Amino acid sequence: MAVAEVERKPGTRRLDAAMQSLRAGVRAVSDYVRDAEGETLGEALIQIREAGIDPLEAAFVTGVRRFDKSAEYKADGALSLTAWLRWKCKLSGGAAMERVEIARQLEKLPQTGAAFANGDVGYQHVAVLARTAENVGAAVVRKEEGTLLQAAQTMDPGQFTTVAKNFEHRVDAAGALAEANRAYERRYFHIGEPQDGLVRVDGLLDAEGGATLRTALEPFMKPVKDDARNYGQRSVDALMELCRQGSGSRRDGAGPRPQLIIRASLDTLAGIKGAPAGELEGGGTVPAETVQRYACDSAISRITGQSELEHELNHASRTLPASTRRALEARDRHCVFPGCARPVVWCDGHHLVWWTRGGATALPNLALLCRPHHRMVHEEGWSLRRLGAGWRAAPPGKIPMRLITRRE
């Protein structure tokens with residue numbers, strides 16, 4: 001019987017040979033990891049990332065870019081390259097979208113592409129730079145691409161994200177604020193019904209909310225002697241302890257509060273164009289408008305300039321003294337935003353002429369606002385002013401909405 005032999009394309013034979021070598025290398029590394037111990041095992045993990053995973057991710061991204069241009073994925077009936085990657089490469093939707101975006105942005109960022117291919121930066125660093133290019137434009141990133149890559153080579157991806165977000169804020173503060181507002185709108189927290197003695201809790205927090213929660217939980221997170229609880233169990237126990245004890249603060253703001261520490265420059269506080277974002281101590285950044293909101297009613301211990309400490313107070317001083325807070329509560333009684341009656345314990349003292357713009361900390365310049373409405377005034381562009389015995393709130397001019405008036 002004659003047997004027909006299908007001729008293999010030269011490119012396919014090259015791929016077969018390369019994959020055979022790759023699989024042999026993976027088997028050898030796997031065997032080594034199973035036997036290695038201590039320092040040598042740690043070195044193996046480093047080399048797996050540097051010599052294996054990240055270079056292969058770089059090759060994968062190059063292939064994705066060329067495959068995208070060829071549109072060959074349509075031959076398999078896929079409606080998009082992302083759909084093809086989910087199907088054929090067994091990636092999640094988010095992972096597939098990320099790699100497609102990286103592939104498209106790296107074509108416009110040659111220095112980043114070269115650094116990735118050479119192993120100078122890892123996949124996570126490149127993903128951060130690609131998101132930055134997507135947010136502010138690759139042309140803007142190219143102007144400081146070398147500086148950003150130098151930072152990436154000396155930082156872990158989390159630290160580098162802060163650098164990238166600061167860069168975004170400097171070149172497009174309005175875009176950074178819009179992104180923060182979109183993230184804020186996605187926030188939610190859900191407590192399920194008890195099942196089998198357990199209650200499922202899930203949610204999403206914006207960067208500010210996450211940093212606030214993490215900071216508040218931290219004092220209750222430390223393991224005790226012979227503590228058999230894992231990290232997740234200690235976290236939930238800390239949350240329960242926080243709920244039972246409360247913040248321990250007095251309503252007038254004079255008592256201790258869980259501290260959310262934000263580092264910001266004078267330019268950020270003043271809202272000067274080109275200023276960096278505020279940096280949350282627990283990780284992440286917030287727009288200048290959020291920093292200015294916190295400055296309305298917070299303790300200020302340090303104010304930094306562009307690059308060095310200009311003022312440092314020996315003791316934190318409150319922008320809203322306890323006596324003024326008590327008088328404000330006695331006058332307003334609750335959130336003054338029209339239609340809102342949230343109690344004083346949910347409210348901040350808001351400066352009508354912002355504190356960061358020289359507004360006086362005096363009753364005629366103050367109003368009680370619950371935190372969601374306080375955010376609307378600072379981050380979302382609403383205005384608030386006193387109108388006789390009541391208050392008037394107006395949305396940003398670009399939003400065609402009627403004025404909202406409240407009478408006391």
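How many helices and how many strands does the protein chain have? With the whole chain of this predicted model on screen, the viewer can be set to a cartoon, in which 16 helices and 12 strands are to be found.

**The whole chain**

Before selecting any single residue, it helps to take in some totals for the chain. Of the 408 residues in the protein chain, buried residues make up 35%, and the accessible surface comes to about 24,800 Å², with 54% of that area belonging to carbon and sulfur atoms. If contacts in the chain are restricted to residues at least 6 apart in sequence, 52% of them join residues at least 24 apart.

**First stop: helix α2 and E57**

Select residues 38–70, which form helix α2, and pick out E57 within that helix. E57 counts as buried because its relative accessibility is 16%, and buried here means under 20%. To see what surrounds this residue, add R99, F116 and Y123 to the selection, since E57 is in contact with these residues once its neighbours within four places in sequence are left aside.

**Second stop: the loop before α4**

Move next to S92, which sits in the loop between α3 (81–88) and α4 (93–106). The relative accessible area of S92 is 45%, so this residue is classed as partly exposed. Show the side chain of S92 together with the backbone of A95, and a polar atom of that side chain will be found 3.1 Å from the backbone nitrogen of A95. A distance drawn between the C-alpha atoms of S92 and T82 should read 9.4 Å, the two residues being 10 apart in sequence.

**Third stop: the second largest pocket**

Now select E179, A180, A183, D206 and A207, which lie nearest the centre of the second largest pocket, among the 21 residues that line this pocket. The elements that give two or more residues to the lining are α9 (157–171), α10 (173–185), α11 (207–217) and β5 (285–286), and of the elements it is α10 that gives the most, with 4 residues. The volume of the second largest pocket is about 550 Å³. Colouring the lining by class will show 9 nonpolar, 4 polar and 8 charged residues.

**Fourth stop: helix α11 and what covers it**

Stay with α11, one of the elements that line the pocket, and select E208, G210, A211, A216 and L217, which are the buried residues of this helix. Which elements should be shown around them? The cover over these buried residues includes α12 (231–245), β4 (278–280), β5 and α14.

G209, also in helix α11, is a useful contrast to select, because this glycine is partly exposed, with a relative accessible area of 24%. Its C-alpha atom is separated by 9.6 Å from that of L260, although the two residues are 51 apart along the chain.

From here, turn to α14 itself, residues 288–296, a helix that is mostly covered, with 7 of its 9 residues buried. The buried residues to highlight in α14 are A288, T290, V291, Q292, R293, A295 and C296.

**Fifth stop: two loop residues with positive phi**

D196 lies in the loop between β1 (188–191) and β2 (201–204), and although it is not a glycine, D196 has a positive phi of about 55°. Is D196 buried or exposed? At 81% relative accessibility D196 counts as exposed, because the exposed class covers values over 50%.

R333 is the other residue to select here, in the loop between α15 (322–332) and β8 (347–351). R333, again a residue other than glycine, has a positive phi near 75°.

**Last stop: N365**

Finish at N365, in the loop between β8 and β9 (366–370). N365 is buried, with a relative accessible area of 11%. With side chains and backbone both shown, the side chain of N365 can be followed to the backbone nitrogen of V353, which it reaches at 2.8 Å. Leaving aside neighbours within four places in sequence, the contacts of N365 are H350, H351, L352, V353, G359 and A360, and displaying these residues together completes the view of this loop position.

Note on methods:
Residues are numbered from 1 along each chain as its sequence is written. This is a predicted model: local features need pLDDT of at least 70, side-chain atom pairs count only at pLDDT 80 or more; totals for chains, interfaces and linings use all residues. Side-chain values use heavy atoms; hydrogens and water are left out. On a 1 Å grid over the protein atoms alone, a cavity is a set of points where a 1.4 Å probe fits but cannot get out, and a pocket is an open set with protein on both sides within 12 Å along at least five of seven lines; lining residues have an atom within 4 Å of a point. Grid points are joined across faces, edges and corners, and a volume is the space filled by probe spheres set on the points. Ala, Val, Leu, Ile, Met, Phe, Trp, Tyr, Cys and Pro count as nonpolar, Asp, Glu, Lys and Arg as charged, and the others, Gly among them, as polar. Buried means under 20% relative accessible area, exposed over 50%, partly exposed in between (1.4 Å probe, protein chains only). A polar contact is a pair of N or O atoms within 3.5 Å; within protein, one must be able to donate a hydrogen and the other to accept it, and residues adjacent in sequence count only if both atoms are side-chain atoms. Contact means heavy atoms within 4.5 Å. Accessible areas come from the Shrake-Rupley method with a 1.4 Å probe; for residues, only the protein chains shown count as cover.
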